[in-house]
Amino acid sequence: MPLGLIMGLGRAMRRKRTSSLNILSSKRGPRDYYKGKNCKPTGFHTRKGGYVVMDEKLPRYVVPDLTDFKLKPYVSQCSRDATATSSSAGSADTAK
């Protein structure tokens with residue numbers, strides 16, 4: 001009997017403890033839990049089923065002045081491989 005008790009305590013100590021910091025999902029939460037997409041609400045629901053958008057809750061984006069910016073705003077979809085261009089440029093310099 002004491003050996004079984006000691007073995008049971010040993011098994012309990014070896015068992016991994018569940019972390020309270022697990023990511024809460026809709027499967028692990030309560031039945032009516034809805035996680036959403038990590039977005040802030042922009043208003044509130046009314047009693048009659050409507051939705052009121054509040055202007056102070058809308059996001060405001062501050063765009064800097066880019067008149068003298070040297071980079072181009074477009075990235076080509078058919079870009080060249082960076083390793084091929086750097087290796088061919090390196091071999092051209094060593095050939096000269």
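**Exercise 1. Is R60 buried, partly exposed or exposed, and what is its relative accessible area?**

Before solving it, note how the values were made. This is a predicted model, in which local features need pLDDT of at least 70, side-chain atom pairs count only at pLDDT 80 or more, and totals for chains, interfaces and linings use all residues. Residues are numbered from 1 along each chain as its sequence is written, and side-chain values use heavy atoms, with hydrogens and water left out.

*Solution.*
- Step 1: recall the classes. Buried means under 20% relative accessible area, exposed over 50%, and partly exposed in between, with a 1.4 Å probe and protein chains only.
- Step 2: place the residue. R60 has a relative accessible area of 58%, so R60 is exposed.
- Step 3: find the partner. R60 forms a salt bridge with D55, and their closest N and O atoms are 3.0 Å apart. A salt bridge here is a side-chain nitrogen of Lys or Arg within 4 Å of a carboxyl oxygen of Asp or Glu.
- Step 4: classify the partner. D55 is partly exposed, because its relative accessibility is 49%.
- Step 5: count. The structure holds 1 salt bridge.

**Exercise 2. Describe the order of the helices and strands, and how confidence varies along the chain.**

*Solution.*
- Step 1: count the elements. The protein chain has 2 helices and 2 strands; these are DSSP runs numbered from the N terminus, with helices being H or I of at least four residues and strands E of at least two.
- Step 2: read them in order. Starting at the N terminus, the pattern is α-β-β-α.
- Step 3: check the confidence. pLDDT is the predictor's confidence in each residue, from 0 to 100. The chain averages 76, and 71% of the residues score at least 70.
- Step 4: compare elements. Confidence is highest in β2, at 96, and lowest in helix α2 (residues 82-95), at a mean of 56.

**Exercise 3. Locate K35 and K40, and say what each one's surroundings look like.**

*Solution.*
- Step 1: find K35. This lysine sits in the loop between α1 (2-14) and β1 (43-45).
- Step 2: classify K35. With a relative accessible area of 49%, K35 is partly exposed.
- Step 3: list its contacts. Leaving out residues up to four places away in sequence, K35 touches I23 and L24, where contact means heavy atoms within 4.5 Å. The C-alpha atoms of K35 and L24 are separated by 8.1 Å, and the two are 11 residues apart along the chain.
- Step 4: turn to K40. K40 also belongs to the loop between α1 and β1, and K40 counts as exposed because its relative accessibility is 74%.
- Step 5: look across the chain. K40 and P59 are 19 residues apart in sequence, with 9.4 Å between their C-alpha atoms.

**Exercise 4. How many disulfides does the structure hold?**

*Solution.*
- Step 1: recall the bond. A disulfide is a covalent bond between the sulfur atoms of two cysteines.
- Step 2: apply the cut-off. The pair of cysteine sulfur atoms must lie within 2.5 Å.
- Step 3: count. The structure holds 0 disulfides.
- Step 4: examine two cysteines. C39 is exposed at 64% relative accessibility, and C78 is exposed at 69%.
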